[in-house]
Amino acid sequence: KISDGPAMLFKDVVQVKIQSQIDCRETNNINMQTSLEPNDEIDELLAHMNVVSNDEEDDGLAKPFKDILEIETNGYEMPSPEYSVNQRKTLEKLSNCLDKLEEEEDRYGSNHIKTLKTVASLANLYFQKGDKDKGINMLCKTLAIEKKKHGRNSIEVAGRHSKIGSICLSMGKYEKAIESYLQAKYIEEFLYSKTDPRIAAILNQLGLAELGRGDFDMAMDYLQEALRIQRIYLAPNEINPDVSQTLVNIGSVYYKERNTFNNGRTSKDNYKSFIESGMLGKIAFAHSERGEYTMSTNFYEELLQLLKSRGESCSQHGIAAIFNCLGTLSVKLGRYVEAMSYHEQALQIHMTTIDVNEIDVCETNCNAGVVEYKSGNFEKGIEVFENAKLLLTNLLGADHPRLAQCFFHLGVIKSILF
């Protein structure tokens, strides 16, 4: 519909508009220096024409064609050219690989090494394409071939089970993931031993699969067994990426179960030994080592509430230590006011205990000194660390390792100032 005139067929509207432009140019004999191409001209005309949409919400009112197009395409994101090219290449490779597989199966049979490699390549291409189900089917096919070629208890078969388990876990197919991981665990226990570090890695994955399925008891059992195996090889040094990952996973089970409405535990009783073993502090430290400061803060705060609820005088030293840990994490998160508050609370506890430990007081002051210079109070920071250096030298001697912290921070401040 044009303006307020009678309704017309859309093709007639286009023809009228184009003819009108042609007549106008011929009459005025206008030579345009930069004219539109025919297709561009039609697009420009269509954009400004009033057309009636079949959308019920429009009440049959005419709107500019460009406005209707904007509504229709709103929220639709065109795939990038790179994505389209990559998808096309993947599809071409997939087609070629399928043809190659058919030829090799006819020539060599389904159990030949060449067939195995092609099936594995085909699985990877399906994963690249985003078709994980077909990818898993191909991996299962390679698994059957490898069992015949290498034996049911070979490392190749174990690796294939683990890969299938990993992909199923990422897809949320927990039953299939658990089945595959258990097969891998059985084979690796047969090949190595039940306390091999590789078993701990599989136990971690089993724990995550059970967590996804909602079986918190099984998840915790698998993860604690993994931690026990890792400690055999790493004790007494537990600062290790694998141990940190296991502790983080244990924390995930604890946190998720505690916040699940339909959990079957009475958490205070069932987690008593878990908490008393200091596991919350270890999980918090593991998160901190991985740079996950917010999660670390959450676990330290929970441990803090637990110690406060006991109301025991022997817990005061632990509470002060947690305040200092929370202060250090707050600095890393850029929350300097909050950090200073934590360190001041730790200092107050140290100063009010019956047997004041001067070294603990000194180290808490050093933590506060870090907050001072991070906040821009460099002179105050220098004063704190100079006093701490003198005190620690008198108490521990000039060569004690604890003095290194003072020298380090004094160096940082002076490098900024000078």
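In this predicted model, I164 is in contact, leaving aside its neighbours within four places in sequence, with I136, L139, C140, L143, K176 and S180. I164 is also one of the residues with the most contacts inside the largest nonpolar core, which has 34 residues, and L122, M138, A177, Y181, L203 and L206 are named with it. Helices α4 (81-108), α5 (113-129), α6 (132-150), α7 (155-171), α8, α9 (197-213) and α10 (216-234) each supply at least two residues of this core. Apart from it lies another core, of 31 residues, with F216, V253, I283 and Y342 among them. In soluble globular proteins, nonpolar side chains tend to be buried together.

Charged side chains form a further set of links, and the count of salt bridges comes to 15. Three of them are listed here.

| Salt bridge | Closest N to O distance |
|---|---|
| D131 and K134 | 4.0 Å |
| R213 and E175 | 3.0 Å |
| R335 and E338 | 3.9 Å |

R213 lies in helix α9 and E175 in helix α8, so this pair ties together parts that are 38 residues apart in sequence. R213 counts as partly exposed at 37% relative accessibility, whereas E175, at 51%, counts as exposed. Salt bridges that share partners join E175 and R213 with E210 and D215 into one network. In the pair of D131 and K134, D131 is buried, with a relative accessible area of 18%, while K134 is partly exposed at 43%. R335 is partly exposed, with a relative accessible area of 38%, and E338 is partly exposed as well, at 33%.

Aromatic rings also pair, and four aromatic pairs are counted. Y255 and F299 form a tilted pair, with 5.8 Å from centre to centre and 55° between the planes. Because Y255 lies in helix α11 (residues 241-258) and F299 in helix α15 (residues 293-310), the pair ties together parts that are 44 residues apart in sequence. F299 is buried, with a relative accessible area of 1%, whereas Y255 counts as partly exposed at 29%. Ring pairs link Y254 with Y255 and F299 into a cluster. Elsewhere, R198 lies over the face of Y192, at 3.6 Å from the ring centre.

As for confidence, the protein chain averages a pLDDT of 82, and 74% of the residues score at least 70. Among its elements, helix α8 (residues 174-191) has the highest mean pLDDT, 96, and helix α12 (residues 267-270) the lowest, 50. Over residues 29-38 the pLDDT is below 50, and this stretch has four contacts in the model beyond near neighbours in sequence. The pLDDT also stays under 50 over residues 264-268, for which the model has six contacts beyond four places in sequence.

Notes
Residues numbered from 1 in each chain as written. Predicted model: local features only at pLDDT ≥ 70, side-chain atom pairs only at ≥ 80, totals over all residues. Heavy atoms only, no water. Phe/Tyr/Trp six-rings, centres within 6.5 Å; stacked < 30°, edge-to-face > 60°. Helix = DSSP H or I, 4+ residues; strand = E, 2+ residues; numbered from the N terminus. Buried < 20%, exposed > 50% of the residue type's maximum accessible area, 1.4 Å probe, protein only. Lys NZ or Arg CZ within 6 Å of the ring centre and 35° of its normal. pLDDT = per-residue confidence, 0-100. Contact = heavy atoms within 4.5 Å. Core = buried A, V, L, I, M, F, W, Y, C linked by side-chain atoms within 4.5 Å.
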